[in-house]
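Hi there,

Here is the structure I promised to pass on to you. Please open it alongside this email, and I'll go through what turned up.

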Amino acid sequence: MAFLLGAVAFVVALLASVMLHEGGHLLTAKRFGMKATQYFVGFGPTLWSVRRGETEYGVKAIPLGGFVKIVGYTPLEEIDAADRPRAFFRQPAPRRAIVIGAGVVANFLFAFLLLMVMAMTIGVREPGTVTSTVAEVSPCVPAGMRAACDEGRPPSPAARAGLRAGDRVISFNGTPVADWRELTEAIDRAEPGQRARLEVRRPGAERPVTLPITLAEVEGEPFVGMSAKVVGAGYERTGPLNAAVFAAKGIGRTLAGIGEVVVDLPSALPRLFSPERESSPGGQVGSVVGATDVSGQIFASEGSTTKDKLALFLSLVVSLNIFLGALNLLPLLPLDGGHLAVVGYERARAGFNRIRGRPDPGTVDMTKLMPLTYLVVLLLLGFGVLLILADVFNPLRLPG
């Protein structure tokens with residue numbers, strides 16, 4: 001039931017984010033006197049609609065997006081003579097640019113405000129101290145660092161050695177360790193397959209316990225199979241100014257993460273259907289299906305507090321809006337960034353002609369751009385289907 005609630009919550013958040021995006025286009029278009037005839041959530045057959053003034057508002061059957069129909073969005077449309085003065089393509093370039101970019105601004109503004117609200121209500125999560133005390137022992141050697149323990153995987157070195165949750169590691173192979181960083185550095189200096197000794201202080205034991213282990217190998221790195229206990233972690237509420245700084249940094253980090261995903265994605269594509277899918281940033285990108293599943297996992301996770309679940313879910317919604325904004329900034333038709341690029345090209349061409357004493361050539365001939373537009377649509381649809389299949393047959397899992 002918790003999983004279903006989380007999945008439904010994400011679908012609602014997705015539709016709300018799309019409504020905000022399209023609402024940005026609608027409000028600015030109306031503000032500049034353009035004619036908007038439709039504002040719909042979803043695609044396909046209409047489930048419900050109502051007309052207010054000259055605009056029809058409604059919901060369609062397939063909840064995978066939304067749209068605003070602005071009369072004359074391209075010169076290719078047939079327009080009634082009475083509507084021509086209000087057609088989008090006849091408006092000054094600055095107004096067209098504002099209407100086109102308003103959807104992206106709406107998504108980024110919503111992400112910024114949501115992060116601020118999170119910082120002032122839930123609070124900013126303090127990382128705490130990562131100790132050398134064992135929080136959990138992995139039962140197996142996974143196929144990848146982020147992969148789950150599938151059936152048939154060999155026991156982890158920690159499980160074989162009898163390491164227990166609550167044991168505090170005080171030395172690794174004779175090297176004293178005071179915290180998790182020193183422990184991981186000592187393990188990284190070892191080699192997969194090497195025999196080593198873990199010396200631990202066990203609750204209830206008078207003397208340290210020495211555990212012999214043989215390091216396994218995961219993705220070329222030595223693997224023991226244990227996670228650290230974190231102490232002092234928690235949430236600290238902050239004021240509006242610090243919340244704004246937190247929000248700005250959060251958006252910056254998310255954009256940087258999206259950049260890493262884009263760079264890594266070509267090399268990650270062959271691993272989408274393998275156990276190593278989540279071993280790199282590109283493999284961690286998912287479709288709407290995957291994000292819905294992750295949202296369900298957040299709500300259904302048993303080891304998390306209500307505050308943790310809420311913070312994770314809202315962070316997912318923030319990431320969704322930043323992704324929608326960033327995607328639409330790409331200078332490719334039919335995305336918003338493509339339309340902005342067309343407006344920019346028109347103005348640059350008009351300025352160049354003005355310098356040379358020639359008349360403004362007017363709007364771009366969109367028919368020449370249609371083949372490229374169709375290609376972009378096909379690529380986006382194909383990539384979307386590929387990610388959906390990967391999310392169905394090799395779903396993403398929350399760490400831990």
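Glu-54 is partly exposed, with a relative accessible area of 27%. Its salt-bridge partner is Arg-86, which is partly exposed as well, at 28%. Both values fall between the 20% and 50% cut-offs, so neither residue counts as buried or as exposed. Please keep in mind that this is a predicted model.

The closest N and O atoms of Glu-54 and Arg-86 are 2.7 Å apart. This pair links distant parts of the chain, 32 residues apart. To find Glu-54, look in the loop between strand S1 (36-52) and strand S2 (55-70); Arg-86 is in the loop between S2 and helix H2 (93-121).

In all, the structure holds nine salt bridges, and two others are worth pulling up on your screen.

One of them joins the side chains of Glu-346 and Arg-96, at 2.9 Å from N to O. Glu-346 belongs to helix H8 (residues 336-355) and Arg-96 to helix H2, so this contact ties together parts that are 250 residues apart in sequence. Both Glu-346 and Arg-96 are buried.

The other is between Arg-202 and Asp-167, with 2.8 Å separating the closest N and O atoms. Here two loops are involved: Arg-202 sits between strand S7 (195-201) and strand S8 (209-214), and Asp-167 between helix H3 (157-161) and strand S5 (168-172), so parts 35 residues apart in sequence are tied together. Arg-202 and Asp-167 are both buried.

Happy exploring, and all the best!

Notes. Residues are numbered from 1 along each chain as its sequence is written. This is a predicted model: local features need pLDDT of at least 70, side-chain atom pairs count only at pLDDT 80 or more; totals for chains, interfaces and linings use all residues. Side-chain values use heavy atoms; hydrogens and water are left out. A salt bridge is a side-chain nitrogen of Lys or Arg within 4 Å of a carboxyl oxygen of Asp or Glu. Helices (H or I, at least four residues) and strands (E, at least two) are DSSP runs, numbered from the N terminus. Buried means under 20% relative accessible area, exposed over 50%, partly exposed in between (1.4 Å probe, protein chains only).
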